[in-house]
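Q: Please take a close look at one part of this model, a single loop. Then work outward from there to its surroundings.

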Amino acid sequence: MLNRPSDRSRAGAVLVVLLVCALASAVIWLGPGILNTRAGGDSPFLLQRVHELSANLRAGQFPARWMPNAAYGLGYPFFHFYAALPYYLAAALHQIGFDLLVAIKLTQTLGMFAAGGAMALYARRWLPPLGVVLATVAYTLTPFHLVNVYVRGDSLSEFYAFVW
């Protein structure tokens, strides 16, 4: 199948991109629990947000707008005002049987791969295969991209904005 040099280099480029995305998201899976974002993030809120959205979906509420147990039980219109697409993905993963924490980690990992893949698709219009790899690696390892997951922790929607 991969007889021509251009096919082999394209397959190698895809492999390098996948490897970089996997390495960039590996820390998400290391250790028990969720990332502890001591540097100013509030990653535990991811648990609450995905749990609340999952409960809303289980109750047949779509689109969900309200987090009834947030704000000390007073409720909060989080999903009405905040970009909720990645939370829907995490809640859907939770609904099909994944543990809440695993669903969040999968969502973060899929975001890393989706952003890298989007950059590769964008860059291949103008760059040769090596340029695509370099652009994708640079984009995946951009400090702000990684800060959204590893420092801020709760900015799942902002992290997913890197896909688009």
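A: Start with Ala71, which sits in the loop between H2 and H3. This is a predicted model. The phi of Ala71 is near 55°, a positive value in a residue that is not glycine. Ala71 counts as partly exposed, with 35% relative accessibility.

Tyr72 lies in the loop between H2 and H3 too. Its phi is near 60°, again a positive value in a non-glycine residue. Tyr72 counts as exposed, because its relative accessibility is 86% and the cut-off for exposed is over 50%.

Pro63 is also found in the loop between H2 and H3. A cis peptide bond links Phe62 to Pro63. Omega there is about 0°.

Now step back to the helix before the loop. Helix H2 covers residues 44-58 and contains Asn56. Asn56 has a relative accessible area of 6%, so Asn56 is buried. The cut-off for that is under 20%. What does Asn56 contact, leaving aside neighbours within four places in sequence? The partners are Gln61, Ala64, Trp66, Pro68 and Phe79.

Phe79 leads on to the core. The largest nonpolar core holds 25 residues. Val50, Leu53, Phe79 and Tyr87 have the most contacts inside it. At least two residues of this core come from each of H1 (5-29), H2, H3, H4 (85-95), H5 and H8 (156-161). Both helices that flank the loop, H2 and H3, are thus on that list.

H5 also packs elsewhere. Two packed helices are described by the angle between their axes and the distance between the axes. H5 (residues 100-123) and H6 (residues 129-140) have axes that come within 9 Å. They cross at roughly 145°, and the crossing is right-handed. On the H5 side, the contact is made by Met112, Ala115, Gly116, Met119, Ala120 and Ala123. On the H6 side, Val132, Ala135, Thr136, Tyr139 and Thr140 take part. Sorted by type, the residues of this contact are 8 nonpolar, 3 polar and no charged.

Next comes H7, residues 143-152. Its buried residues are His145, Asn148 and Val149. Viewed down the axis of H7, these buried residues fall within an arc of 75°, so they line one face of the helix. A general point helps here. An α-helix has 3.6 residues a turn, so residues three or four places apart point the same way.

Asn148, in H7, deserves its own look. How buried is Asn148? Its relative accessible area is 1%. Leaving out residues up to four places away in sequence, Asn148 touches Gly153, Ser155, Glu158, Phe159 and Phe162. Glu158 is 10 residues from Asn148 along the chain. Their C-alpha atoms are separated by 7.3 Å. Gly153, another of these partners, follows H7 and has a positive phi, near 75°.

To return to the loop: Ala71 and Tyr72 both carry positive phi values. Ala71 is partly exposed, whereas Tyr72 is exposed. The cis bond between Phe62 and Pro63 is a further feature to inspect. Asn56, in H2, is buried and reaches Gln61, Ala64, Trp66 and Pro68, among others.

How values were computed: Residues are numbered from 1 along each chain as its sequence is written. This is a predicted model: local features need pLDDT of at least 70, side-chain atom pairs count only at pLDDT 80 or more; totals for chains, interfaces and linings use all residues. Side-chain values use heavy atoms; hydrogens and water are left out. Axes are lines fitted to C-alpha atoms, for helices over the stretch in contact, and angles run from 0 to 180 degrees between N-to-C directions. Helices (H or I, at least four residues) and strands (E, at least two) are DSSP runs, numbered from the N terminus. A crossing is left-handed if the near helix is turned anticlockwise from the far one by less than a right angle, and right-handed if clockwise. Contact means heavy atoms within 4.5 Å. Ala, Val, Leu, Ile, Met, Phe, Trp, Tyr, Cys and Pro count as nonpolar, Asp, Glu, Lys and Arg as charged, and the others, Gly among them, as polar. Buried means under 20% relative accessible area, exposed over 50%, partly exposed in between (1.4 Å probe, protein chains only). The arc is that of the directions from the helix axis to the C-beta atoms. A nonpolar core is a set of buried Ala, Val, Leu, Ile, Met, Phe, Trp, Tyr and Cys residues joined through side-chain atoms within 4.5 Å.
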